[in-house]
Amino acid sequence: MDKAGYTAGWQREFELFWSAVVSADLDTPVPSCPDWTLNDLIVHMDTVARRYVRRICSPEPPAPEARSTTKNVADPRPALAESAASLTTSLSTAEFDDTAWNWAPMADTAWFWFRRAACETAVHRWDAQMAVAGAEPVAAELATEGIDEVLDSFLPAGRRMSESDASGLVHLLATDVDREWFVRRDGRRYTLVSGDDQDLPGQPVHARAAGPASDVYLALWGRVPFSVVDCEGDPELLEALRAK
């Protein structure tokens, strides 16, 4: 996706998030985020938006963050509206190749935070919609970006990693966009294998999951079980790919 695509994705997902929470009871539980209410989810989104505003324009690792100022307020929605507007401005003014530190094995450019903002908001929009009614799928193009992000950033960086020792080669397919990924897990090490790897055809696949990009993405983030897509092989190995 280009800059306009990421920015539009962020804006659309935030607008849907806002529509879900703007008139909702803040004490409503969020089933996909155990022990959280909508109030907690809104506070988290406000924290995330403010964090990304700082990081998208900073070449240095972040200093320790102060405690959220919205955690104990009666209604955190006004603060979120303000931080979301600031993030929209930052996304509009920054460029992909601006220097911006990140925690992943990726180049330190603002591009990382463009993708991060759109993908994280999509997952939490889904959380908010599930809390108040029913959630719509993540748009296939953005869900594909999200799958990329889990596999090329979160898991290689050891973030939110499963403690399972399951090992083997996993094949993921997003059937609605004709994309596929091969991931090798060796103990607790992850390697994203190129589909062009000449040695790949001769290697056994130990687990496979195929379905719409949104379902695969949400399964990787633990929002839905892998059983919502077509699976075969070692279920523990699939579970080990979840960014828990």
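This is a short walk through one protein chain, from its overall fold down to a handful of residues.

Okay, so before anything else: what you have on screen is a predicted model. Keep that in mind as I go.

Let's start with the whole chain. How many helices and strands does it have? We've got seven helices and five strands. If you read along the sequence, the order goes α-α-α-α-α-β-β-β-β-α-β-α. The radius of gyration is 18 Å, close to the 18 Å that the globule rule gives for 244 residues, so this chain is as compact as a globular protein of that length. The C-alpha trace spans about 55 × 40 × 30 Å along its principal axes.

What about burial? Of the 244 residues, 48% count as buried. The accessible surface adds up to about 11,300 Å², and carbon and sulfur atoms hold 50% of that. And here's one on how the chain folds back on itself: take the contacts with a separation of 6 or more, and 66% of them come from residues 24 or more positions apart.

Right, on to helix 1. That's residues 3-21, so 19 residues, and from the first C-alpha to the last it reaches 27 Å, close to the 27 Å expected at 1.5 Å a residue. Now, which residues of helix 1 are buried? The list is Tyr6, Thr7, Gly9, Trp10, Glu13, Phe14, Phe17, Ala20 and Val21. Those residues cover an arc of only 155° around the axis, which puts them on the same side of helix 1. If you want the background for that kind of spacing, an α-helix has 3.6 residues a turn, so residues three or four places apart point the same way.

Flip to the other side of helix 1 and you find Ala4, Glu15 and Ser19 exposed. And what does the buried side sit against? The buried residues of helix 1 pack against helix 2, which is 38-55, helix 3 at 77-93, helix 4 at 111-132 and helix 5 at 140-154.

Let's stay with the helical part and look at a couple of positions there. Ala100 sits in the loop between helix 3 and helix 4. Is Ala100 buried or exposed? Well, Ala100 has a relative accessible area of 0%, so it's buried. If you leave aside neighbours within four places in sequence, Ala100 is in contact with Arg55, Ile56, Ser58, Pro59, Asp108, Thr109, Ala110 and Trp113. For a sense of distance, the C-alpha atoms of Ala100 and Lys3 are separated by 15 Å, and those two are 97 residues apart along the chain.

Then there's Ser153, over in helix 5. Ser153 is buried as well, at a relative accessible area of 0%. Again leaving out neighbours within four places, the contacts of Ser153 are Trp103, Ala104, Pro105, Met106, Phe112, Arg115 and Asp148.

Now the strands. Strand 2 covers 179-186, and strand 2 and strand 3, residues 189-193, run antiparallel with five bridges joining them. At the turn end, Asp186 has Arg189 in strand 3 as its bridge partner. That hairpin has two residues between the strands, and in it Gly187 takes a positive phi near 65°.

Speaking of positive phi, where does it turn up in residues that aren't glycine? One of them is Asp35, with a phi of about 75°. Asp35 is in the loop between helix 1 and helix 2, and it's exposed, with a relative accessible area of 78%. Another is Asp178, where phi is near 55°. Asp178 lies in the loop between strand 1, 168-174, and strand 2. Asp178 is exposed too, at a relative accessible area of 73%.

Last stop, one more aspartate. Asp234 is in the loop between strand 5, which is 230-233, and helix 7, which is 235-239. Asp234 is partly exposed, with a relative accessible area of 30%. What does Asp234 touch, once you set aside neighbours within four places in sequence? Asp234 is in contact with His206 and Ala207. And if you look across to Phe114, 120 residues away along the chain, the C-alpha atoms of Asp234 and Phe114 are separated by 34 Å.

That's my tour, so over to you for questions.

Note on methods
Residues are numbered from 1 along each chain as its sequence is written. This is a predicted model: local features need pLDDT of at least 70, side-chain atom pairs count only at pLDDT 80 or more; totals for chains, interfaces and linings use all residues. Side-chain values use heavy atoms; hydrogens and water are left out. Helices (H or I, at least four residues) and strands (E, at least two) are DSSP runs, numbered from the N terminus. The expected span of a helix is 1.5 Å times one less than its number of residues. Buried means under 20% relative accessible area, exposed over 50%, partly exposed in between (1.4 Å probe, protein chains only). The arc is that of the directions from the helix axis to the C-beta atoms. Contact means heavy atoms within 4.5 Å. The radius of gyration is taken over C-alpha atoms; the globule rule is 2.2 Å times the number of residues to the power 0.38. Accessible areas come from the Shrake-Rupley method with a 1.4 Å probe; for residues, only the protein chains shown count as cover. Two strands pair if DSSP finds at least two bridges between them.
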